[in-house]
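Let us walk through this structure step by step. Start with the fold of one chain, then turn to where the chains meet.

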Protein chains: 2
Amino acid sequence: MARQRERPTARSYRQYCAVARGLDLVGQRWTLLIVRDLLTGPKRYKDLLAGLPGIGTNLLAARLRELEEQRILKRRVLPPPAGSTVYELTDLGKSLEPVVTALGRWGHRFLGTRSEDEFLSANAYVLAMRAAFRSDATGTATETYELRIGDQVFDIRVADGRCSTREGQPSVTDHVLKMDISTLSALLHGQLLPKEALTTGRIEVEGDAAALERFVKLFALPSPEQLLMA
Amino acid sequence: MARQRERPTARSYRQYCAVARGLDLVGQRWTLLIVRDLLTGPKRYKDLLAGLPGIGTNLLAARLRELEEQRILKRRVLPPPAGSTVYELTDLGKSLEPVVTALGRWGHRFLGTRSEDEFLSANAYVLAMRAAFRSDATGTATETYELRIGDQVFDIRVADGRCSTREGQPSVTDHVLKMDISTLSALLHGQLLPKEALTTGRIEVEGDAAALERFVKLFALPSPEQLLMA
DNA sequence: CGGTATCCGCAAAGATACTG
DNA sequence: CAGTATCTTTGCGGATACCG
């Protein structure tokens with residue numbers, strides 16, 4: 001069947017204002033969360049769907065189509081033998097990172113303690129790590145980690161006071177850390193000590209075990225408790 | 001009549017993620033534009049309504065109530081003889097400025113040329129000026145302006161490489177600039193030269209006429225034309 | 001002036017079934 | 001796996017009426 005029903009008028013604020021224009025483009029429900037997940041690297045449709053519980057497949061498809069029309073992301077078919085199609089941010093899309101991190105820094109104080117039914121996203125944590133990374137506190141540390149969370153594999157590199165992360169295409173790293181997402185969460189928020197995690201087997205480390213301590217220091221997030229009183 | 005119909009459950013993303021939490025609080029339609037307008041100072045209900053064409057009075061009232069519950073703003077009744085009630089951001093609300101400006105910096109590139117039916121907001125421009133202000137380019141300039149746009153009066157001060165703006169409570173300033181909002185827009189985007197504006201009477205200056213030139217240099221915004229090719 | 005209440009039409013979001 | 005199609009529900013837009 002032919003494609004029908006193009007943009008019925010896409011609700012706009014109709015203001016000649018940069019903020020309003022920004023909201024016209026990325027202010028709809030789910031849009032910035034899709035961008036958040038793509039900021040950690042290209043994703044397949046089903047992975048986006050899995051990382052955004054509640055979105056509904058039709059809405060995800062609609063958002064992806066809009067974002068592609070706006071040149072914020074592009075669809076790409078991977079070369080054989082993979083052959084799968086992935087969505088990846090363009091440079092324009094990547095330039096949304098300051099918006100997403102500003103919102104994250106503001107929203108962080110409302111995290112509180114996690115309620116049972118709240119979803120944990122590995123992508124969100126990797127992005128938070130990138131945002132939390134402070135070169136001044138780390139000096140000239142150089143570390144490379146492969147972080148495995150479920151079936152996601154992130155390559156994380158710290159060098160010259162800078163930090164890069166990306167999913168997939170794993171290459172050689174000094175250390176490999178494998179844990180589940182709730183362990184990563186507890187670890188970064190200071191609710192679980194590295195030693196504890198190691199002895200209880202919640203984390204598997206290949207390579208230097210002390211590297212886990214450094215990992216936590218590099219990417220520590222403010223704990224919810226600290227924020228409640230602030 | 002008694003107050004009824006409290007929060008039917010305010011749609012949440014149900015993710016333990018700072019970005020998602022931020023969107024839960026300020027991600028609804030109109031919310032960030034209300035914050036934008038309040039970032040330039042406390043406002044009365046009718047001024048908010050006038051600055052957000054299309055919002056509809058019931059929705060504005062609902063948003064203000066939500067934002068007050070979240071401690072992002074507070075209602076305040078001005079002391080007599082004014083007696084009017086105003087809405088003003090709390091410190092928490094003011095801390096949203098980086099979010100709004102990050103979005104503005106990103107959205108600015110899509111401004112293009114203004115279409116006839118697009119609204120111009122004085123609050124948005126004053127906020128844009130604050131965001132565009134770069135201390136490095138201005139050195140140790142010290143200037144104070146009273147900017148009059150329609151019935152809004154802004155007090156704008158530059159000193160020590162810092163810039164402050166606020167609406168109302170006007171005090172003594174070196175210069176008074178009076179113009180309409182479309183003139184301010186054209187001026188800041190470099191589409192209208194200060195000289196031109198003065199000779200055609202689109203701007204009234206009290207005080208030093210050359211101050212207008214400095215004003216434009218201090219707060220110049222990238223023009224839409226520059227951005228189209230970037 | 002500073003709102004609240006209500007009603008209506010429509011667009012966006014949610015849920016689920018289904019197909020190439 | 002990568003989406004469409006379809007149906008239901010909720011939220012928004014716009015108008016207007018009303019009240020302290």
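Which helix of chain A lies across β1, β2 and β3 of chain A? This is a predicted model, and in it the helix is α2, residues 31-38 of chain A. Its direction is at about 100 degrees to β3(A).

Now take the strands beneath that description. The sheet is open and has 3 strands, in the order β1-β3-β2 (chain A). The pairing is antiparallel. β1 (43-44) and β2 (73-77) of chain A stand at the edges. Each has a single partner strand, so one side of each is left without a neighbour in the sheet. Strands of a sheet pair through backbone hydrogen bonds, either parallel or antiparallel. Here, 5 bridges join β2(A) to β3, residues 85-89 of chain A. In one of these strands, β3(A), Leu89(A) is the bridge partner of Leu73(A).

Next comes the contact between the chains. Chain A gives 37 residues and chain B gives 37 residues. On the side of chain A that touches chain B, the elements giving two or more residues are α1 (18-26), α2, α6 (97-107) and α7 (122-132) of chain A. α6(A) gives the most, with 8 residues. That side of chain A divides into 23 nonpolar, 8 polar and 6 charged residues.

Finally, look at the core. In soluble globular proteins, nonpolar side chains tend to be buried together. The largest nonpolar core has 112 residues. Val19(A), Ala128(A), Val19(B) and Ala128(B) touch the most other members. Leaving aside neighbours within four places in sequence, Val19(A) is in contact with residues of chain B, including Leu32(B), Leu33(B), Val100(B), Leu103(B) and Ala124(B). Arg36(B), Gly104(B) and Gly107(B) are also among its contacts.

Methods
Residues numbered from 1 in each chain as written. Chains lettered and ligands numbered in written order. Predicted model: local features only at pLDDT ≥ 70, side-chain atom pairs only at ≥ 80, totals over all residues. Pairing = 2+ DSSP bridges. Helix = DSSP H or I, 4+ residues; strand = E, 2+ residues; numbered from the N terminus. Contact = placed C-beta atoms within 7 Å. Axes fitted to C-alpha atoms, helices over the stretch in contact; angles between N-to-C directions. Nonpolar A, V, L, I, M, F, W, Y, C, P; charged D, E, K, R; others polar. Core = buried A, V, L, I, M, F, W, Y, C linked by C-beta atoms within 7 Å. Buried ≥ 20, exposed ≤ 12 C-beta atoms within 10 Å, placed from the backbone.
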